Amino acid sequence: MVQPIKSQTYPLLPLRGTLVFPYMVTPLEVGRVRSIEAVEQTMLRDGRIVLAAQHLVATEDPQPEDIYDVGTLCEVKQLLKVPEGQIRVLVEGISRVNLEHIDDAEGYYEAFVTPVPETVGEMDRYEREALMRIVREEFEKYVRLGKKIPAEVLLTVSSIEDVHRFADTIASQLNVAFKEKQRLLEIFPVDKRLEAILGLLYREGEILSMEKNIQQRVRKQMEKAQREYYLREQIKAIQMELGERDERGSTEIDELKDKLEKAKLPKEAKAKVLHEIHRLERMAPMAAEATVVRNYIDWMLALPWSKRTKDRLDLNVAEELLDRDHFGLDKVKERILEFLAVRQLTKSSKGPILCLVGPPGVGKTSLAQSVGTALNRNFSRLSLGGVRDEAEIRGHRRTYIGSMPGRIIQTLKTVGSLNPVIVLDEVDKLASDFRGDPASALLEVLDPEQNHRFGDHYLEVPFDLSEILFITTANVLHSIPPPLRDRMEVIEIPGYTEYEKFEIARRHLWPKQLKSNGLTPEQLQISDNTIYRIIHEYTKEAGVRTLERRLGTVCRKVATEIVKGQTQSARVTVSNVHKYLGIPRYHQSQANTEDKVGVATGLAFTTVGGEILSIEVTVVDGKGKLTLTGKLGEVMRESAQAALSYLRSRAAELGIDPKFHERCDIHMHIPEGAIPKDGPSAGITIATALASALTNRPVRHELSMTGEITLRGRVLPIGGVKEKLLAAHRAGITHVLLPVDNEKDLEEIPSSVLGKLQISLVEHMDEVLGHALYPVAESEGPLPFMLPNLPAGGEPWMGERT
Ligand code: ADP
């Protein structure tokens, strides 16, 4: 029977981090000296002791003020001394007590306490009963959620009817901080205490269910990871069985990932490839889509994202190389060296693009190649002739079957470095139509402001083209799309003179051909005259491409003879060259060898250089019809009309029948009728041929001319002077009429050519006729008209008259 409680002193046992509630039976370990002394004092008395918590768990030797004012008076039920001087006690809580004061007795604390009577509060019976039920329910939930409370506690709790015992039993079971429990101990009216317990239960319930959710989620993730690992291992085993995985256990995917690590891609590209590799991993290996993806990855990995060659920046070496591989072209080489010097000084790859313009076979490509060699860069050539589809430059999107990157990216893959020299051949032959505009795509490739992030449709990630040295070539400048032309530094390479061709052949082409046909200079010799003869009679070009081919033919034929054992060595001479090359294809000069009426020689400028052009006019009786034949273009036809109108306006002065336009038909023809011809520069030649035919005065055969004509007879300047003069020289012409305004162009003509040509600068058609037409022969009877300004020295005409 529990003895009644009085206000009196009891030994005090300070508790660390725990509490004992009334009604509860609790085991305690007692270790501190002072506490052991207190227990021993208790056993000497009535077995009752006051237990009260100290504020801080860490305090080893608590002072009276470190201890809470409310504690529990307990009875020691059992005492067990364990080794190392500790005691284990079993205590039962009896009632709450207020600690009035604490005295320091001999070696332990003595607390004077007053009991706290049990009070209920302000609720009525039913309310309290309801509260108890809710608390019980919540407690049940709490027990079910938390694992730490044994299920039999529930049984006990459900059988308790006394509200005080009920509240304290639940309070003692809660897994909350001891300070919260101390708070519960200090709430005296039981109603209030129950409410506080309910609050705690709600809160703890929430926390516990959250904990549970978290636990479940984490467990699920763990399980998933484990499951995947397990499945992957299984896949590996299956792949190994199927032979899709090699001995080392690596698959195509692993290899791709490996390659990706080594390829040093920029971040953006790497992420993209990784993404595609993951896609590939999830695809059936034989699926069509997988091939597309694999192809893409292969492309990406094969590109030189960060591989570059080291530049050799030595102008002297560059100069040497250019000189070694090319004869002449001094101005061009100088311009190229300047270009390289500036690049080197500015240390930037941004700058104009070189554009070499000239007829085929003048060495544009091979010059560009020398630039590559000089810089020690990789070299590649890309022909743009006839590229009409933008996709050729920019690639196809991957949605197309068999799509590929554009030509630029393809080239980069082949050369294998980020900074090659790329020659874009024939930029003037770019075409554009409904498939897009390749020129504007090319603009993006060439423009230094844009090309560091060039977007190829196939790659989908930008590629840096800014380190590439682009050199473009074109046959004519005017058909390069203007925006492209603006970005280029144009270097013109006109055609070669005969002498230059000879030197190129002797120094470069012949040794090259000998070597490539496996012959030695001892086995096959060629005389200088023979080379000249080949140039004259077997080629007709501004460059040296056909010449090189002809020399190649000679070498091949001799090589065959040697292999057949027909001969040991050979010498090609003027007299036996036809044996190798057949009958001459061209005659030494196409210039007329006789003076004729109605035939004038003009100079034309074509994509293969300059050419001479003979213009024939016949006048017959008729009704004033003008017929123009020879595939003449619009502009040339208009020129003919203008020339005719001019002659009509000058008929009286020229001694032409003023009514000739009503009495005769005129037919003008320009031979090589199948070749289209156009342009205004034949104007004065047409007028001359017409004048000759109408006045019946022959044209000097050694003379040719070029210039546009106005209705008033003024002679306007034309283009391509260099090429035209070279052609005239080639054709054996000795006298050329040029518009006055073209005088400045004469500076660029090699002196070897200028020395052999008489050049007359003309301003007006009258001067042209004065130079070109023979005066009327005396024997023909007086003509009503004498040409004005007839130059002195015009020999009387002796030739044939038609
Ligand atoms: P293009 O690109 O202008 O059409 P290429 O560069 O293909 O002409 O030249 C044709 C051939 O003529 C090449 O073998 C080239 O080496 C040779 N060649 C052209 N010009 C010269 C030159 N000045 N010196 C030496 N070889 C030349």
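# Note on the predicted model

1. Gln-369 is partly exposed because its relative accessibility is 39%, where buried means under 20% relative accessible area, exposed over 50% and partly exposed in between, with a 1.4 Å probe and protein chains only. Gln-369 belongs to helix H12, which covers residues 364-375; helices (H or I, at least four residues) and strands (E, at least two) are DSSP runs numbered from the N terminus. Between the C-alpha atoms of Gln-369 and Ser-7, which lie 362 residues apart along the chain, the separation is 114 Å.

2. A word on the basis of these remarks: this is a predicted model, in which local features need pLDDT of at least 70 and side-chain atom pairs count only at pLDDT 80 or more, while totals for chains, interfaces and linings use all residues. Residues are numbered from 1 along each chain as its sequence is written, and side-chain values use heavy atoms, with hydrogens and water left out.

3. The ligand is surrounded by 20 residues, the closest of which are Gly-361, Lys-364, Thr-365, Lys-512 and Arg-545; a residue is counted here if one of its heavy atoms lies within 4 Å of the ligand. Three approaches to ligand oxygen atoms can be checked directly in the model. A polar side-chain atom of Arg-545 lies 2.3 Å from a ligand oxygen, a polar side-chain atom of Lys-364 is 2.7 Å from a ligand oxygen, and a backbone N or O atom of Gly-361 comes to 2.8 Å from a ligand oxygen. Taken alone the ligand exposes 560 Å², and the protein buries 90% of that, the areas coming from the Shrake-Rupley method with a 1.4 Å probe.

4. The elements that give two or more residues to this shell are H12, helix H17 (498-516) and helix H19 (545-564). H17 gives the most, with 4 residues. By class, the shell holds 9 nonpolar, 6 polar and 5 charged residues, where Ala, Val, Leu, Ile, Met, Phe, Trp, Tyr, Cys and Pro count as nonpolar, Asp, Glu, Lys and Arg as charged, and the others, Gly among them, as polar.

5. Strand E3, which spans residues 48-53, is mostly covered, since 6 of its 6 residues are buried. Arg-48, Val-50 and Ala-52 are buried on one side of E3, as are Ile-49, Leu-51 and Ala-53 on the other, and both faces are thus covered. E3 runs parallel to strand E1 (residues 8-15), to which it is joined by 4 bridges, and Leu-12 stands opposite Val-50. E3 is also joined by 4 bridges to strand E4 (residues 70-82), in this case antiparallel, with Thr-72 of E4 as the bridge partner of Leu-51; two strands pair if DSSP finds at least two bridges between them.

6. Ser-35 lies in helix H1, which covers residues 33-44, and Ser-35 is buried because its relative accessible area is 4%. Leaving aside neighbours within four places in sequence, Ser-35 is in contact with Leu-13, Pro-14 and Val-30, contact meaning heavy atoms within 4.5 Å.

7. Leu-301 sits in helix H9 (residues 288-302) and counts as buried because its relative accessibility is 15%. Residues up to four places away in sequence are not counted in its contacts, and Leu-301 then touches Leu-256, Lys-259, Leu-260, Ala-263 and Val-273. The C-alpha atoms of Leu-301 and Lys-413 are 9.6 Å apart in space, although 112 residues separate the two in sequence.

8. Asn-475 occupies the loop between strand E10 (469-474) and helix H16 (482-486), and Asn-475 is nevertheless buried because its relative accessibility is 12%. The side chains of Asn-475 and Lys-429 are joined by a polar contact of 2.9 Å; such a contact is a pair of N or O atoms within 3.5 Å, and within protein one must be able to donate a hydrogen and the other to accept it, residues adjacent in sequence counting only if both atoms are side-chain atoms.

9. Two backbone angles deserve a look. Most residues other than glycine have a negative phi. Glu-84, which is not a glycine, has a positive phi of about 65°; Glu-84 is in the loop between E4 and strand E5 (86-104) and is exposed because its relative accessibility is 80%. Asn-696 likewise is not a glycine and has a positive phi of about 65°. Asn-696 is placed in the loop between helix H24 (683-695) and strand E18 (703-705), and Asn-696 counts as partly exposed because its relative accessible area is 31%.
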